[in-house]
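Thanks, everyone. Let me walk you through one structure. Please look at the model first, and then I'll take it piece by piece.

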Amino acid sequence: MNLVEEIMRLKEEKNAIILAHNYQLPEIQDIADFLGDSLELARKVVNVDADIIVFAGVDFMAETAKILNPNKKVLLPTRRATCAMAHMLKVEHILEAKEKYPDAPVVLYINTMAETKAYADVTVTSGNAARIVEKLEADTVIFGPDNNLAYYVAKKTGKRIIPIPEGGHCYVHKKFTLEDVRRARKEYPNAKLMIHPECNPEVQEQADLIVSTGGMVRNACQHDEWVVFTEKEMVYRLQKLYPDKNFYPANEDALCIGMKSITLKHIYEALRDEKYEIEVPEEIAIKAKKAIERMLEMSK
């Protein structure tokens, strides 16, 4: 059985669309109807003309798609596709912070679960976080769950950022060290370093460019050689988009287990059996949707 042919047949038969994140395996990227970062995918699902959305990403992304498309069937190809950072933030962390800073708006990274998004004033992505926080009238902002992105936002905006929870992080981006920076500069002396804002502050400080994965796509045209400080599959995406340029992964071990848990077989079985369907309780979805829609409006 040719899995790709079967996937395409089922897609047409069931009026389905496949959305994939930049960190997916190359063979998943190649069959996606739309490929992007969290913000691009969130924008895309608002006007999806399909009955079924197969989300080749992780759990919080599929939840976001369901919140924005309550009447469509949203499928996560495997329940192993989870985001450890999204699960670090709990509702009690938000409530405790609000007790201490009652006037501070709650800004949550889109890398959070729906039940916490319901308590957000606005959600953000790594690509628009600084811009949205800058637009808020408050000088003090509660921000979760990535502490490194909070550092980046504080530096860019000059505002007081209260990170929650303590130690919130992405284990993939935590892998990048100053040793990776030194090795990159030595091995690729003509290359520039594009670094994701989920990386540790000391690594961010060495960047030629600090950007989200969507920003990497948009800015890669500016130079001929880049060392890429994010999940390693981003190099495949960039190399495919810019075949005349050179991209190198800063760390070969920078792998997201949740993203890599999805295979072509999982996509095929998801379409065949219409599993695993994502559901978000209506009360939570209504509140979370307001925060997501405010992000989409403020990031235009």
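A quick definition before the sheet. Two strands count as paired if DSSP finds at least two bridges between them. Strands themselves are DSSP runs of at least two residues, numbered from the N terminus. And please keep in mind that this is a predicted model.

Now the sheet. Four strands make it up, and it is open. Read across, the order is E6-E5-E7-E8. The pairing is parallel. Which strands sit at the edges? They are strand E6, residues 122-124, and strand E8, residues 160-163. Each of these two pairs on one side only. From one strand to the next, the twist averages 30°.

Let's zoom in on one pairing. Strand E5 covers residues 106-109, and strand E7 covers residues 140-144. Three bridges join them, in the parallel sense. Take Val106 as an example: its bridge partner in E7 is Ile142. As general background, strands of a sheet pair through backbone hydrogen bonds, either parallel or antiparallel.

Step back to the whole protein. The count is 17 helices and twelve strands. How does the protein compare with a globular one? The radius of gyration is 19 Å, close to the 19 Å that the globule rule gives for 300 residues, so the protein is as compact as a globular protein of that length. The C-alpha trace spans about 55 × 50 × 30 Å along its principal axes.

What about burial? Of the 300 residues, 58% count as buried. The exposed surface comes to about 13200 Å², and carbon and sulfur atoms supply 47% of that. Next, contacts along the chain. Take contacts between residues at least 6 apart in sequence: 62% of them join residues at least 24 apart.

On to charges. In general, side chains of opposite charge can pair when their charged atoms come close. How many salt bridges does a search of the whole structure find? It finds 21. I'll show you three places.

First stop, helix H1, residues 3-14. Glu6 and Arg9 both lie there, three residues apart, about one turn of the helix. They form a salt bridge, with the closest N and O atoms 2.8 Å apart. There is a third member here: Glu6, Arg9 and Glu13 are linked in a network of salt bridges. Is Arg9 buried or exposed? Neither, quite: its relative accessibility is 40%, so Arg9 counts as partly exposed.

Second stop, Lys260 and Glu231. Their side chains meet in a salt bridge, 2.5 Å from N to O. Lys260 lies in helix H15, residues 257-260, while Glu231 lies in the loop between strand E11 (225-229) and helix H14 (234-241), so the pair ties together parts that are 29 residues apart in sequence. Both Lys260 and Glu231 are buried.

Third stop, Asp273 and Lys275. This salt bridge has an N to O distance of 3.9 Å. Asp273 has 39% relative accessibility, so it counts as partly exposed. Lys275 is partly exposed too, with a relative accessible area of 23%.

Between those two comes Glu274, and its backbone deserves a look. Its phi is positive, about 55°, although Glu274 is not a glycine. In general, most residues other than glycine have a negative phi, and most peptide bonds are trans. Glu274 is found in the loop between helix H16 (264-273) and helix H17 (282-298). Its relative accessible area is 28%, which makes Glu274 partly exposed.

Another positive phi turns up at Asn15, near 50°. Asn15 is in the loop between H1 and strand E1 (16-21). At 33% relative accessibility, Asn15 counts as partly exposed.

Where are there cis peptide bonds? One runs from Gly144 to Pro145, with omega near 0°. Pro145 sits in the loop between E7 and H9. Another runs from Ile164 to Pro165, with omega near -10°. Pro165 sits in the loop between E8 and helix H10 (171-174).

Last residue: Tyr151, in helix H9, residues 147-157. Which residues does Tyr151 touch, leaving out those up to four places away in sequence? They are Pro201, Gln204 and Glu205. The C-alpha atoms of Tyr151 and Glu198 are separated by 9.2 Å, and these two residues are 47 apart along the chain. With 30% relative accessibility, Tyr151 counts as partly exposed.

That's the tour. Over to you.

Notes
Residues are numbered from 1 along each chain as its sequence is written. This is a predicted model: local features need pLDDT of at least 70, side-chain atom pairs count only at pLDDT 80 or more; totals for chains, interfaces and linings use all residues. Side-chain values use heavy atoms; hydrogens and water are left out. Axes are lines fitted to C-alpha atoms, for helices over the stretch in contact, and angles run from 0 to 180 degrees between N-to-C directions. The radius of gyration is taken over C-alpha atoms; the globule rule is 2.2 Å times the number of residues to the power 0.38. Buried means under 20% relative accessible area, exposed over 50%, partly exposed in between (1.4 Å probe, protein chains only). Contact means heavy atoms within 4.5 Å. Accessible areas come from the Shrake-Rupley method with a 1.4 Å probe; for residues, only the protein chains shown count as cover. A salt bridge is a side-chain nitrogen of Lys or Arg within 4 Å of a carboxyl oxygen of Asp or Glu.
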